[in-house]
Amino acid sequence: MPQLLRRARTIMALWKTLIGLRTPKKDWYTTGPETISGNADQLQVTYLGTAGFILKDGHRTVVLDPYISRPGVTSLLSPLVPDTALIRETIPEADDVLVGHAHYDHILDAPDLCKQTGARMIGSASAIMVGRAAGVPEAQLRATNGHEDIASGKWTIRGLPSKHGKVVFGRIPFPGDITKLPSWPPRLSELKHGLVLNWVVDTGNLKVVHIDSADFINEELKGQQADIVCLCAIGRRYRPNYVKEVVELLKPRWIIPCHWDTMMTPFHAEPDLIPTVDLPGFLQEIRDAGCEPLLMPIKGTLYFPSVKAPKMNT
């Protein structure tokens with residue numbers, strides 16, 4: 001058996017090399033003071049891969065775009081079945097689950113996470129349609145079109161309407177709204193993106209803005225301010241001045257890159273980079289814009305002081 005496993009790993013490594021997949025280098029990951037745990041009131045940010053994050057302090061846990069089941073390429077042709085045991089093991093508690101849009105790699109695990117923890121599922125009408133199909137109780141479903149403050153314990157959540165990047169041959173994949181209950185488990189094509197939302201999570205001390213797709217609407221971000229931006233790395237390739245404009249509009253101190261992994265590598269395996277994402281170039285562009293990039297490994301956690309970060313000098 002060990003010999004068969006070694007052979008399988010060798011074949012997989014050769015296959016990844018042939019199709020251009022590679023893993024991030026260890027020295028790309030941040031080693032700064034944010035990696036050191038402090039008191040329970042610190043804001044903890046855990047990266048789940050793809051666009052997924054857990055934001056947590058001693059009083060609240062908010063999860064964004066959880067997607068850890070990660071069906072493989074061949075599974076995408078069949079109904080997409082969440083790995084409920086992995087979800088329970090990885091995210092044992094949540095108060096609110098925010099869905100940026102209803103594509104499978106942003107929403108698949110959200111309904112089961114809400115059913116397991118009792119958390120609210122908050123998102124567009126399309127996202128809520130998916131939650132309903134999966135059997136999330138109506139009392140736990142909260143639809144929003146953005147532009148409203150939603151209380152989350154002592155925190156405040158606000159959705160900002162956004163748009164999806166044209167990332168597949170210059171087109172948006174699976175566009176449109178979900179207007180009727182999809183199957184559950186769903187098929188890939190049933191999960192249209194619906195209204196895309198960027199999230200502003202205000203803890204009272206720090207503001208986190210989550211941009212989960214490769215585009216955004218300038219007018220919606222204008223007038224906002226963020227301490228931390230979780231930023232989709234795919235956007236740099238498809239939108240001119242992507243990083244520069246995010247920094248100019250939100251003036252963050254830190255940017256955490258996300259959506260740089262292939263989404264299909266198993267959650268506990270070493271992640272593979274999306275071949276079209278130049279992660280070192282993305283990190284350097286963040287530095288050049290005057291921000292500190294904090295690249296996190298999947299399952300990694302950063303700790304932020306429970307005080308306002310100084311605004312970036314522009």
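Modeller: Two strands pair if DSSP finds at least two bridges between them. The model we discuss is predicted.

Biologist: Which residue in the turn of the β7 and β8 hairpin has a positive phi?

Modeller: Strands β7 and β8 run antiparallel, joined by 4 bridges. The hairpin they form leaves 2 residues between them. In that turn, a positive phi of about 60 degrees belongs to G153.

Biologist: What is the bridge partner of S152 in β8?

Modeller: Take A151 as a start: it is bridged to T156 of β8. Strand β8 covers residues 155–162 and runs antiparallel to β7. The β8 partner of S152 is W155.

Biologist: Which residues make up the uncovered face of β7?

Modeller: β7 has two faces, one covered and one uncovered. I150 and S152 form the covered face. The uncovered face holds D149 and A151.

Biologist: Why is one side of β7 and of β13 left without a neighbour in the sheet?

Modeller: The open sheet has 7 strands in mixed pairing, ordered β7-β8-β9-β10-β11-β12-β13. β7 (149–152) and β13 (292–293) stand at its edges. One side of each lacks a neighbour because each has a single partner strand.

Biologist: How many bridges pair β8 with β9?

Modeller: β9 spans residues 196–202 and pairs with β8 in the antiparallel sense. One of the bridges sets R158 against V200 in β9. Between β8 and β9, the bridges number 7.

Biologist: How many residues of β8 are buried?

Modeller: Buried here means under 20% relative accessible area. By that cut-off β8 is mostly covered. Of its 8 residues, the buried ones number 6.

Biologist: At about what angle does helix α8 run to β11?

Modeller: α8 takes in residues 242–250. The helix lies across β10 (207–211), β11 (228–232) and β12 (254–258). Its angle to β11 is about 155 degrees.

Biologist: Which residues of α8 are buried?

Modeller: The helix is mostly covered, with 7 of its 9 residues buried. The cover includes β10, α6 (218–221), β11, α7 (235–238), β12 and α9. The buried residues are Y242, V243, E245, V246, V247, L249 and L250.

Biologist: Which residue just after α8 takes a positive phi?

Modeller: α8 ends at residue 250. Just after the helix, phi is positive at about 50 degrees. The residue is K251.

Biologist: At about what angle does α9 run to β12?

Modeller: Helix α9 is made of residues 279–288. β11, β12 and β13 are the strands it lies across. Its angle to β12 is about 165 degrees.

Biologist: Turn to the other sheet, β6-β5-β4-β3-β2-β1-β14. Which are its edge strands?

Modeller: This open sheet also has mixed pairing among 7 strands. An edge strand pairs on one side only, and that holds for β6 (141–143) and β14 (301–304). From one strand to the next the twist averages 20 degrees. The edge strands, then, are β6 and β14.

Biologist: Which residue in β14 stands opposite T46?

Modeller: β1 (residues 43–49) pairs with β14 in the antiparallel sense. Their pairing runs over 4 bridges. Opposite T46 stands T301.

Biologist: Which strands does helix α5 lie across?

Modeller: α4 (110–117) lies across β3 (61–64), β4 (96–98) and β5 (120–123), at about 150 degrees to β5. Helix α5 (125–133) also runs at about 150 degrees to β5. The strands α5 lies across are β5 and β6.

Biologist: What covers the buried residues of α5?

Modeller: Buried in this helix are S126, A127, I128, M129, V130 and G131. After α5 comes G135, with a positive phi near 90 degrees. Cover for the buried residues includes α3 (104–107), α4, β5 and β6.

Biologist: Which residues line the largest cavity?

Modeller: The count is 1 cavity of 30 Å³ or more. The largest has a volume of about 30 Å³. Its lining divides into 5 nonpolar, 1 polar and 2 charged residues. They are R70, D261, T265, P266, F267, A269, P271 and I298.

Note on methods. Residues numbered from 1 in each chain as written. Predicted model: local features only at pLDDT ≥ 70, side-chain atom pairs only at ≥ 80, totals over all residues. Heavy atoms only, no water. 1 Å grid on protein atoms, 1.4 Å probe; cavity = no way out; pocket = protein on both sides within 12 Å on 5 of 7 lines; lining within 4 Å. Points joined across faces, edges and corners; volume = space filled by probe spheres on them. Nonpolar A, V, L, I, M, F, W, Y, C, P; charged D, E, K, R; others polar. Contact = heavy atoms within 4.5 Å. Axes fitted to C-alpha atoms, helices over the stretch in contact; angles between N-to-C directions. Buried < 20%, exposed > 50% of the residue type's maximum accessible area, 1.4 Å probe, protein only.
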